[in-house]
Amino acid sequence: MTESFKVTLYGPEGVLVLSRELPWIRSISVALDVSQKLLLQYREQGYKSGMVKLQGQGVDHCLS
């Protein structure tokens, strides 16, 4: 079985905000899109800084 993607959202100063497994997503492009949208929603709530970390299927990406 293929490893699931995991997306983790960090707030200012690296504070953990949210962490979720994405077992229904198999494509890196879809997983990156979900990660970007999560970060955008977080910023739309008024937060100026934040970072999303995407892990799974041999990849490790950080978006800020």
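Let's start with tyrosine 47, which is partly exposed, with a relative accessible area of 39%. Keep in mind that we are looking at a predicted model. What does the ring of tyrosine 47 pair with? Its partner is tyrosine 42. The ring centres are 4.3 Å apart and the planes sit at 5°, so this pair is stacked. If you are hunting for further aromatic pairs, the structure holds 1. Tyrosine 42, for its part, counts as buried, at 6% relative accessibility.

Now follow tyrosine 42 inwards, please. Tyr42 belongs to the largest nonpolar core, which has 11 residues. Its companions there are Phe5, Val7, Leu9, Leu22, Ile25, Ala31, Leu38, Leu39, Val52 and Leu54. Which elements supply at least two residues each? Those are β1, α1 (28-44) and β3 (51-56), and the largest share, 4 residues, comes from α1. For the general background, nonpolar side chains in soluble globular proteins tend to be buried together.

Let me pick out leucine 38 from that list. Setting aside neighbours within four places in sequence, leucine 38 is in contact with Val7, Leu9 and Leu18.

Next, serine 49. You will find serine 49 in the loop between α1 and β3, and at 36% relative accessibility it counts as partly exposed. What does serine 49 touch, if we skip residues up to four places away in sequence? The answer is Gly11, Pro12 and our friend Tyr42. Glycine 11 is 38 residues away from serine 49 along the chain, yet their C-alpha atoms are separated by 6.5 Å.

Back to helix α1 for the charges. The structure holds 1 salt bridge: the side chains of aspartate 33 and lysine 37 meet at 3.2 Å, N to O. How are these two placed along the helix? Aspartate 33 and lysine 37 are 4 residues apart in α1, so about one helical turn separates them. Both ends of the bridge are partly exposed, aspartate 33 at 33% relative accessibility and lysine 37 with a relative accessible area of 48%.

Finally, a word on confidence. The protein chain averages a pLDDT of 94, and 98% of the residues score at least 70. Where is confidence highest, and where lowest? Strand β1 (residues 5-10) is at the top with 98, while strand β4 (residues 59-63) is at the bottom with a mean of 94. As a general caution, predicted coordinates should not be read in detail where pLDDT is low.

Thanks, everyone, and I'm happy to rotate the model for you.

Notes:
Residues are numbered from 1 along each chain as its sequence is written. This is a predicted model: local features need pLDDT of at least 70, side-chain atom pairs count only at pLDDT 80 or more; totals for chains, interfaces and linings use all residues. Side-chain values use heavy atoms; hydrogens and water are left out. pLDDT is the predictor's confidence in each residue, from 0 to 100. A nonpolar core is a set of buried Ala, Val, Leu, Ile, Met, Phe, Trp, Tyr and Cys residues joined through side-chain atoms within 4.5 Å. Buried means under 20% relative accessible area, exposed over 50%, partly exposed in between (1.4 Å probe, protein chains only). Contact means heavy atoms within 4.5 Å. Rings of Phe, Tyr and Trp (its six-membered ring) pair if their centres lie within 6.5 Å; planes under 30 degrees apart count as stacked, over 60 as edge-to-face and the rest as tilted. A salt bridge is a side-chain nitrogen of Lys or Arg within 4 Å of a carboxyl oxygen of Asp or Glu.
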